Amino acid sequence: RSFRRDVGIKKDILTRSQRQLAEYLLNNHERCAFMTAAEIGQAVGVSESTVVRFACALDFDGFPALRSRLQDILKSRVNTIDRTAIGEGGEKPLPYRAMQADMDNIGMAQKANRNETLTEVVDALLAARKVALLGFRSSRPILDYARYNLSWILPDTEVFMVQHDSLHEQLVRLNEGDVALTISLNRYPKRTVEAFRFASRQGATCIALTDSVLSPLSDPADILLLAPSSLIGFVDSFVTPLSIIRALLLMIVSTNEDSQRSLQRLESIWQEIDVYEG
């Protein structure tokens, strides 16, 4: 979806103030990608509500969706060095804007992921014989979190991390009835995308947790979960994907008696061998 094209299509129905906004956003999209509606309005000389109405006039679901689109455009162009300069500008201190961006992303994730989609993922995980967790580089810690918890609540399911040096040897074990859960946020490692496509060809149910419908993981995915992300500095934020993984874990335990019994057994063992202090 081209932002410039959206503006061009709608230009005849935009008010004078909205056309001023459009011109400002097109010329300053990198900075605006991390500004609030109030900050953009102040820069252009219009009200915050005018900025919000402008986003709706372009068929965005509010200003956060418009800002997310500007960030997607920016993310497709920047590298790690560029990211160190991103997020500068605006009235609020950088730590505040970084945490606010995480809260905004979780809000967008709530709207983007229907309960029916989350339930479909849970059903696939509960029915799977094997669950392959696939992702490299910065996605690895999120997958570690998923594996650590899934191994407790899916005791009869083989949950394994796909290793980089034995990629195809592990994925060739997948068949229909198995699940490949892949996590990758922009920027998308080629190795992850290629491996996900290979898992799809093996017949596994492919679940992608990514940041945009424009992600290269979207096409091979049978089920797509969206974790919108904002570029505030060079460090990736894992808040939204971790929140989605946690929600899935809670759904599994709340709907599956075997998972509940497994946790109860583990809790008894932990108490017996005195695992925790206090």
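Let me start with a term: on a 1 Å grid over the protein atoms alone, a cavity is a set of points where a 1.4 Å probe fits but cannot get out, and a pocket is an open set with protein on both sides within 12 Å along at least five of seven lines; a lining residue has an atom within 4 Å of a point. Grid points are joined across faces, edges and corners, and the volume is the space filled by probe spheres set on the points.

Hello everyone. What you see above is a predicted model, in which local features need pLDDT of at least 70 and side-chain atom pairs count only at pLDDT 80 or more, while totals for chains, interfaces and linings use all residues. Residues are numbered from 1 along each chain as its sequence is written, and side-chain values use heavy atoms, with hydrogens and water left out.

So, cavities. The structure has 2 of them at 30 Å³ or more. The second largest has a volume of about 50 Å³. Its lining consists of Leu125, Ala146, Leu150, Leu181, Ile245, Leu248, Leu249 and Ile252. Two or more of these residues come from each of α10 (140-153) and α13 (239-255); helices here are DSSP runs of H or I, at least four residues long, numbered from the N terminus. The largest share, 4 residues, belongs to α13. And what is the split into nonpolar, polar and charged? It is 8 nonpolar, no polar and no charged, where Ala, Val, Leu, Ile, Met, Phe, Trp, Tyr, Cys and Pro count as nonpolar, Asp, Glu, Lys and Arg as charged, and the others, Gly among them, as polar.

Now compare the largest pocket, with about 550 Å³ of space. It is lined by 20 residues, and Ala65, Ser68, Arg69, Asp72 and Met108 are the closest to its centre. The elements giving two or more residues to this lining are α6 (63-75) and α8 (94-112). Here the split is 9 nonpolar, 3 polar and 8 charged.

On to a helix, α5, residues 48-57. Its buried residues (under 20% relative accessible area, 1.4 Å probe, protein chains only) are Thr50, Val51, Phe54, Ala55 and Ala57. Down the axis of α5 they fall within an arc of 160°, so they line one face of the helix; the arc is taken from the directions from the helix axis to the C-beta atoms. After α5 comes Asp59, with a positive phi near 70°.

Last, a charged residue: Glu39, in helix α4 (residues 37-44). Is Glu39 buried or exposed? Glu39 is buried, at a relative accessible area of 7%. Its side chain reaches the backbone nitrogen of Thr36 at 3.0 Å.

Thanks, everyone!

Terms used:
Buried means under 20% relative accessible area, exposed over 50%, partly exposed in between (1.4 Å probe, protein chains only). A polar contact is a pair of N or O atoms within 3.5 Å; within protein, one must be able to donate a hydrogen and the other to accept it, and residues adjacent in sequence count only if both atoms are side-chain atoms.
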